[in-house]
Amino acid sequence: MLELRNITRTVGAETHIDNVSLRLERGTLNVLLGPTLSGKTSLMRLMAGLDRPTSGSLLFDGVEVTGVPPQKRDVAMVFQQFINYPTMTVYENIASPMRVAGANRQDVDAAVQRAAALMKLTPYLERTPLNLSGGQQQRCALARAIVKNAGLVLLDEPLANLDYKLREELRAELPRIFAATGTIFVYATTEPSEALLLGGNTATLSQGRVTQFGKTIEVFRRPDDLITAQTFSDPPLNTIVMRKAGGQFLLDDGLLFPVPANLGEIVDAAYTIGFQPHHLSLARTSADSVALRASVTAMEITGSESFVHLRYADANWVMLTPGIQSFVVDQQIEVFLDPTLLLVFDGQGRAVTAATRLAA
Amino acid sequence: MERTYNNKAWFLVLPVLVLVAFSAIIPLMTVVNYSVQDTFGNNQFFWAGLDWFQDVLESNRFWNALGRNLIFSAIILAIEIPLGIYIALNMPKKGWGVPVCLVLMALPLLIPWNVVGTIWQVFGRVDIGLLGRTLAAAGIDYNYVQDPVDAWLTIIVMDVWHWTSLVVLLCYAGLVSIPDAYYQAARIDGASRWSVFRFIQLPKMGRVLLIAVLLRFMDSFMIYTEPFVVTGGGPGNETTFLSIDLVKMAIGQFDVGPAAAMSLVYFLIVLSLSWVFYTVMTNQGQEKGK
């Protein structure tokens, strides 16, 4: 188990990591999810021992490892860039971590052949990395991490530089390969969909802080706060500030939502209402659905879905809807929203739903 | 289908052809002309065939000068390349030290070659030079005018002082282009300082290093100005390189025929060595992939 206790790292006047505490269990897959510069890489570097925390401590299986250099830790890391030794063959590259550790020839050969087979590199073992495609280069780097058989495997956006198809393929394989080894698997990504596809646990990061850590699907469904909900939504979470009075959220133009029953008693004040882009629809999805008239500001069409950018009062929203829609800009359209799906955040950005859930 | 022929294009390339003719072909043909003829003055020329080439290739003078050239280039490469790499590895990668180091490194490269020669010519003089007098005062017998070893040492040190910077700057450019992740990966692997150099830095510098080797080889092989200013090819003929010998023969002795033949041979040597380097470089490039 890897335990981070109140880890902070400041460089000059900048705080890269701000009081992070995490417990990562053996045999689990943990996703670090956050936008660029949210501290994913900084946190990984601290876990690897490449950097020293300014304060706080790191424990590996209960043993303090805070100042221990990376080569003395049981850790492997794969980077966004394809990092291999350029003059060594693929075979030698994969063998290198074991050679440094002083393993004997047969063990090295067996491990290399196994990792190469897993990563589909067997035909390329005698080539040098620069004579491979990008995907093969990254698989070579992944194979090096596999043979190391480390207790902690850190993957820092490993698939970000790969093309779409290869990314899908490797993303499906990676958790399976590393789950078998009982290692602590940490995977950094900027993409919410990637976190959802990987499953496991997710820690959402924002400005160097871990805003929430838990089962990926739980964090996605029940974010503790507005920042977590925004981090975990792509296209961005739709929000609108509304006033609560009695049993209703109100806007001056007459829009009103009934306060969902599961929120219980909350004080009358201004709240931020949030909902996912796919929660907006062109047709009524339930009897409770509320109809809104919004104007179209832009259209984006993928093969099977349409992103309709909308403006409602002061808010800019995105609706994700199936099929190819042919709205024009400035067209007024009627959209529907099921109020039972709303996320409600108070003035400090804390989720009201989560608070009641904990209290219950 | 009817085709119209238009020769106007020739007029467009004419200026270039004229320019190339004046700058390269005509001078070169003059040299070729001299190399196959003999003259006894009065602008009278007699056909000499390949006699001058035979003379040049059979003369000890030519082979000795060529030998000195090759030895000089070998020594220069053996010193400047490792030294340049070493300095580049130890230069700061960020902070205020970077511009300071870069300017300091670039300074020797900005000095005209004959000025460099003059600096060292004065610097090494036993009567007034700082280096010469200091060595004399320390009891070291140093005199580049009389002692061949001292003369060689002086021009080698001078060339190292003048040109190592070029190697440093090229290597430094190669080093700073290595992503930080390589070093992090190496640290996680527990790779030694030597392994990092051997398996990451050296291969990543490979391209620029080849350019550095090529430039330094060609330059040192064609060296003229600096030894000409410092030693004038002496003592005796100890520092007479091909270029210096050529000038002596052509202008000093006015042996135009042999000098022309020699310059053509010299030119062919430079050309073939350039071709060898070019081939090696491009092959290396292909081996390393895209």
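**Entry 1. Positive phi in chain A**

I started at A:D330, which is exposed, with a relative accessible area of 61%. The model is a predicted one, and I read every value below as computed from it. A:D330 sits in the loop between strand 18 (315-322) and strand 19 (332-337) of chain A. I looked up its backbone and found a positive phi of about 75°, although A:D330 is not a glycine.

I then went to A:D61, another non-glycine residue with a positive phi, here near 50°. A:D61 belongs to the loop between strand 4 (55-60) and strand 5 (63-64) of chain A. Is A:D61 buried, partly exposed or exposed? I noted a relative accessible area of 42%. Because the exposed class begins over 50% and the buried class lies under 20%, A:D61 is listed as partly exposed.

**Entry 2. A cis peptide bond**

I checked omega next. The bond from A:D234 to A:P235 is cis, with omega near 0°. I placed A:P235 in the loop between helix 8 (226-231) and strand 11 (238-245) of chain A.

**Entry 3. Chain A as a whole**

I recorded 9 helices and 20 strands for chain A. The C-alpha trace of chain A spans about 75 × 45 × 35 Å along its principal axes. Of the 360 residues in chain A, 53% are buried. I get an accessible surface of about 16300 Å² for chain A, with 51% of that surface on carbon and sulfur atoms. I also looked at contact range: among contacts in chain A between residues at least 6 apart in sequence, 65% join residues at least 24 apart.

**Entry 4. Two buried residues in chain A**

I picked A:T272, in strand 14 (residues 270-275) of chain A. Its relative accessible area is 15%, so A:T272 is buried. Which residues does A:T272 touch, not counting those up to four places away in sequence? I listed A:L226, then A:T239, A:I240 and A:V241, and finally A:L343, A:V344 and A:F345.

My second pick was A:L162, in the loop between strand 7 (152-156) and helix 5 (164-179) of chain A. A:L162 counts as buried because its relative accessibility is 8%, and the cut-off is under 20%. Leaving aside neighbours within four places in sequence, I found A:L162 in contact with A:F82, A:G134, A:G135, A:Q138, A:R167 and A:L170. I also took one distance: the C-alpha atoms of A:L162 and A:S133 are 9.8 Å apart, with the two positions 29 residues apart in sequence numbering.

**Entry 5. The contact between chain B and chain A**

I moved on to the interface. The size of an interface is often given as the accessible area lost when the parts come together. For chain B and chain A I noted about 1900 Å² buried between them, 59% of it on carbon and sulfur atoms. On the side of chain B, the residues that lose the most area to chain A are B:R187, B:I188 and B:D189, together 35% of what that side buries. The contact takes 26 residues from chain A and 21 residues from chain B.

How many salt bridges are there between chain B and chain A? I count 1 salt bridge. A:R144 and B:D189 form a salt bridge, and their closest N and O atoms are 2.8 Å apart. For polar contacts, I have 5 residue pairs between chain B and chain A, both residues at pLDDT 80 or more.

I then asked which elements of chain B give two or more residues to the side that touches chain A. They are helix 8 (180-189) and helix 9 (193-221) of chain B. Helix 8 of chain B gives the most, with 9 residues. By class, the residues on this side of chain B divide into 10 nonpolar, 8 charged and 3 polar.

**Entry 6. Helix 8 of chain B**

I stayed with this helix. Why is helix 8 of chain B largely enclosed by the rest of the structure? It is so because 7 of its 10 residues are buried. I wrote them down as B:A181, B:Y182, B:Q184, B:A185, B:A186, B:I188 and B:D189. Their cover includes, from chain A, helix 1 (40-48), strand 6 (75-78), helix 2 (90-101) and helix 4 (134-148), and from chain B, helix 9. My last look-up was the residue that follows helix 8 of chain B: B:G190, with a positive phi near 75°.

Technical notes:
Residues numbered from 1 in each chain as written. Chains lettered and ligands numbered in written order. Predicted model: local features only at pLDDT ≥ 70, side-chain atom pairs only at ≥ 80, totals over all residues. Heavy atoms only, no water. Contact = heavy atoms within 4.5 Å. Buried area = accessible area lost by both parts, 1.4 Å probe. Salt bridge = Lys/Arg side-chain N within 4 Å of Asp/Glu carboxyl O. Polar contact = N/O pair within 3.5 Å; in protein donor to acceptor, adjacent residues only side chain to side chain. Helix = DSSP H or I, 4+ residues; strand = E, 2+ residues; numbered from the N terminus. Nonpolar A, V, L, I, M, F, W, Y, C, P; charged D, E, K, R; others polar. Buried < 20%, exposed > 50% of the residue type's maximum accessible area, 1.4 Å probe, protein only. Areas by Shrake-Rupley, 256 points an atom, 1.4 Å probe, with all protein chains shown as cover.
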